[in-house]
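Q: I would like to learn how to read cavities, pockets and ring contacts in a model. Where should I begin?

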Amino acid sequence: MKKILLYFKRRWFKKNIRTANSNVILTVAAKKKGAFLKVVDSSGDVAALLIFMLICSGVNAQLTKKAFINAQQQCKNMLLVTKLPSMPPRTTSPDGKLSFSPDIYDWTSGFFAGNLWYTFEATKDNSLRKEAIRFTEALDSLQYFTGHHDIGFMLYCSYGNGYRLTHNEKYKDVLVQGAKSLCTRFDSKVGCIKSWNQRLSWDGKTMWHYPVIIDNMMNLDLLFFASRVTGDTSFKHIAITHALTTMKNHIRPDFSTYHVVDYDTKTGKVLHQETCQGYANNSTWARGQAWSIYGFTMVYRETGDKRFLETAQHLADFYLNNSRLPNDKIPYWDFNVNQLGYNPPFKYDSSKYKVIPRDVSAAAVVASALFDLSKFSGGKKGEGYKMAAIEMIKSLSSSNYTAEVGTNNNFILKHATGSVPHNFEIDKPLVYADYYYLEALLKYSKL
């Protein structure tokens, strides 16, 4: 560091030094962008460090500016080919064409509206605001939907951002009603919100009667919001109960996570701990781990309960310190693919994948979560989380993962993975990968 500071002092700065009350007043003129600082300290190192930080900040600002200009152009291009707000874009189909959500009840239906809100927030492009309103309000009837747990994704990413940016009271009403609908899936005997209705496990024999998936942690944000704006603590109580039950049954001793936990509806007893989109029942599905990091970080933000903070930190540490995490911090779709001791419950042919598919959606979710976790953790640990998030943002923003404007069916990121077990959306763009990337970029720009 001393050599770096010395270089900057000699190379970029002109100094005028005079003594005053045993302090040195340094007038530092930076040739770069004409920055002018007056710094009081006993050493020129502080001045050099401040300018060094400013220059780094400028580089980071350029990254986010370029990324949002790219997002703005991709969103506008996407709007030219997306005619029905009730069928928003989702991914690329196997034939290479743009694939849309089949209807508003698809779990991804709220993300494109969210992408428009985030891009409007960053660029102040009112044409995107107008379209964000259109794509948001097309989801109005979802406030009464009780068919599955994803109402939080569907409404909070769309109406939630819309309310945050417009303060439209009608949006608040939709969100509160949506929270009420989500609560109908809560069973106090189980202590969780039911994710899916009854369905078969991958073995074709085991019936999941009350399946709860780790993704469900993300929907608790909607309940905390409803509690804040109405004063009704029942929403918050359900959210906290769900989080505590998930903490107990979804998280392994090493702080990896199960994807699916199935419960007995009469006793609340755990019947099965399995996977649906991961590699094996005992493996760690990358996006599932990402959901858990984000979810428990958010619950700590809303409650201040240190149990949730410590859980989020342990989950993040498992992710970041995993020997299977690539150097660019963009994970494989599952941390245990092709490893001994992990047996897929589905028909898996490793020869189909000469290179293990990555999942940028998991990286984007984790990056967004780590920016928050860094603030809550503070100190050296918090700084470590922040630097990891920045590394992820830089990787995602590189040409390795960010598509050129006009390509990739106008999605922002390349190389996401929906579900390998279902042979679905493998190495494709995904609308929710873009959503959490844009969210992380906004947090990065506000550091």
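**Cavity, pocket and rings**

A: Begin with the enclosed space: the largest cavity holds about 60 Å³. Keep in mind that this is a predicted model. The structure has one cavity of 30 Å³ or more.

Q: Which residues line the largest cavity, and which elements give two or more of them?

A: The lining consists of Gln-74, Cys-75, Met-78, Phe-112, Asn-115, Asn-410, Phe-411, Ile-412, Val-431, Asp-434 and Leu-438. Helix H2 (44–81), H3 and H13 each give two or more residues to this lining. By class, seven of the lining residues are nonpolar, three are polar and one is charged.

Q: How is the largest pocket read, and what is its volume?

A: A cavity is a space the probe cannot leave, whereas a pocket is open. Here the largest pocket has a volume of about 730 Å³. Its lining comprises 32 residues, and Tyr-118, Tyr-294, Arg-301, Glu-439 and Lys-443 are those nearest the centre.

Q: Which helices supply at least two residues each to the lining of the largest pocket, and which gives the most?

A: The helices are H3 (111–123), H5 (151–166), H7 (220–230), H9 (286–303), H11 (360–377) and H13 (431–445). H5 gives the most, with eight residues. As for the character of the pocket lining, 16 residues are nonpolar, five are polar and 11 are charged.

Q: H13 appears in the linings of both the largest cavity and the largest pocket. Is H13 enclosed or exposed?

A: To judge a helix, count its residues under 20% relative accessible area. In H13, 14 of the 15 residues are buried, so the helix is largely enclosed by the rest of the structure. From first C-alpha to last, H13 reaches 21 Å, close to the 21 Å expected at 1.5 Å a residue.

Q: How many aromatic pairs are there, and how are the planes of Tyr-118 and Tyr-435 set?

A: Rings pair if their centres lie within 6.5 Å, and plane angles from 30 to 60 degrees count as tilted. The count comes to 29 aromatic pairs. For Tyr-118 and Tyr-435 the ring centres are 4.9 Å apart and the planes stand at 40°, so the pair is tilted. Tyr-118 belongs to helix H3 and Tyr-435 to helix H13, so the pair ties together parts 317 residues apart in sequence. Tyr-118 is buried at 5% relative accessibility, and Tyr-435 is buried at 3%.

Q: Which parts of the chain does the pair of Trp-202 and Phe-346 link?

A: Trp-202 and Phe-346 form a tilted pair, 5.8 Å centre to centre with 45° between the planes. Trp-202 is in the loop between strand E8 (199–200) and strand E9 (207–208), and Phe-346 is in the loop between helix H10 (306–320) and H11, 144 residues apart. Trp-202 is partly exposed, with a relative accessible area of 28%, while Phe-346 is buried at 9%.

Q: Which rings are linked into a cluster?

A: Follow the pairs from ring to ring. They link Trp-107, Phe-111, Tyr-118, Phe-153, Trp-291, Tyr-294, Tyr-432, Tyr-435 and Tyr-436 into a cluster. Within it, Tyr-118 and Tyr-294 are also among the residues nearest the centre of the largest pocket.

Q: Where do Arg-199 and Arg-252 sit?

A: Here the thing to read is a charge placed over a ring face. The charged end of Arg-199 sits over the ring of Trp-196, 4.0 Å from the ring centre. Arg-252 lies over the face of Tyr-258, at 4.1 Å from the ring centre.

Conventions:
Residues numbered from 1 in each chain as written. Predicted model: local features only at pLDDT ≥ 70, side-chain atom pairs only at ≥ 80, totals over all residues. Heavy atoms only, no water. 1 Å grid on protein atoms, 1.4 Å probe; cavity = no way out; pocket = protein on both sides within 12 Å on 5 of 7 lines; lining within 4 Å. Points joined across faces, edges and corners; volume = space filled by probe spheres on them. Helix = DSSP H or I, 4+ residues; strand = E, 2+ residues; numbered from the N terminus. Nonpolar A, V, L, I, M, F, W, Y, C, P; charged D, E, K, R; others polar. Expected span 1.5 Å × (residues − 1). Buried < 20%, exposed > 50% of the residue type's maximum accessible area, 1.4 Å probe, protein only. Phe/Tyr/Trp six-rings, centres within 6.5 Å; stacked < 30°, edge-to-face > 60°. Lys NZ or Arg CZ within 6 Å of the ring centre and 35° of its normal.
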